[in-house]
Number of protein chains: 2
Amino acid sequence: MEFEEKTLSKEVIFDGVLVHLEREEVLLPNGATSVREIIRHPGAVAMIPFTNDGKMVLVRQFRKPLDRTVVEIPAGKLEGTDVDPLEAAKRELEEETHYHADKWEELVTMYPTPAYLDEKFTLYIAEDLSIIENPRPLDEDEFVEVLECTYEEALALQASGEICDAKTLYALLYWQLRLKEMNENE
Amino acid sequence: MEFEEKTLSKEVIFDGVLVHLEREEVLLPNGATSVREIIRHPGAVAMIPFTNDGKMVLVRQFRKPLDRTVVEIPAGKLEGTDVDPLEAAKRELEEETHYHADKWEELVTMYPTPAYLDEKFTLYIAEDLSIIENPRPLDEDEFVEVLECTYEEALALQASGEICDAKTLYALLYWQLRLKEMNENE
């Protein structure tokens, strides 16, 4: 089966601080044409930080698209100077939570919504945490509250709707599986 | 802790077929102002269809933002006339896979990326599948190949990178957990 959609023309609609929007005219496999609206994003990192006593470190922040606070795993977009996603992950963990992690493991890379967005992010497990005394500051328009949750507390945040984004829901499912495997190995 | 970002002004940047982009000037909790770029989306549905012999129904399609094919669980955006997400889910399953499901269960609602996008989708489990003889057709710019995968086949598609979007990776983690629980109950 032929799938490819060839680009016939491309137009930049908006080149913003975070969002870069393009509009492409494409040639479909059946010879017809269609329009694809594509948001370009520099990519991101996210991490599931586990404290030494088995809690997950989460951050609460206001998300303007939803006009309310959301509790998420720490995350951040890649900056122009980032060559290594792992270094970006270490920086974001420090800035958002004031934690340093000695143990990092890459879990998965995912696209939040490939239908119209090219954002890709790498998800890490961060363990062996220690508090940084003089951490790098947050971006000046970021306001973040750090939470350390047990699994039950995190489930309550999901039930209340404050945990609601794809990467954090993925992290909770991963945590459920991890707890199950820990129980099996006991 | 005060989090709210009050909207000072709002400007529509682009009102496209799928993407609606706004730019808002907001008042931050510390009294400073900042700009938020927000993509508005009508919302969507997605489903994890399990065949009667325990395979997952997946669809392969070209995703222009990634310029390649991606294998995903069936999904679709809400249309203007949709009042009930479950009805939209039934329609999308029929259009994309030619399957009808007698058993539906709502699993979770999630936001793919609440930092700059208001898209929300409801994820269902669809079971008791049967083939529809004269299914509703796909949108005329959609080309979809239907796959029925065992868990091992789905893992191979993840390893090759063709399964790579958040909702389908979530579905695979859910499947892993479900298989584990089935084994425990045997």
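How many salt bridges does the rule find across the interface of chain B and chain A? The rule finds 7 (a side-chain nitrogen of Lys or Arg within 4 Å of a carboxyl oxygen of Asp or Glu). This is a predicted model, in which local features need pLDDT of at least 70 and side-chain atom pairs count only at pLDDT 80 or more, while totals for chains, interfaces and linings use all residues. Residues are numbered from 1 along each chain as its sequence is written, chains are lettered from A, and side-chain values use heavy atoms, without hydrogens and water.

Begin by selecting both chains. A turn of 180° with a shift of 0.0 Å along the axis lays chain B on chain A with an RMSD of 0.0 Å (least squares on C-alpha atoms of residues with pLDDT of at least 70 in both). The two copies are thus related as by a two-fold rotation axis.

Next, display the interface. The contact (heavy atoms within 4.5 Å) takes 67 residues from chain B and 67 residues from chain A. Select A:E184 and B:K180: they form a salt bridge whose closest N and O atoms are 3.4 Å apart. Then select helix 3 of chain B (helices are DSSP runs of H or I, at least four residues; strands are runs of E, at least two), which gives the largest share of the side of chain B that touches chain A, 10 residues.

Finally, turn to the open sheet of chain B, where 3 strands stand in the order 1-2-3 with antiparallel pairing (at least two DSSP bridges between paired strands). Strand 2, residues 20-27, is joined to strand 3 by 8 bridges. Within strand 3, B:I39 stands opposite B:L21.
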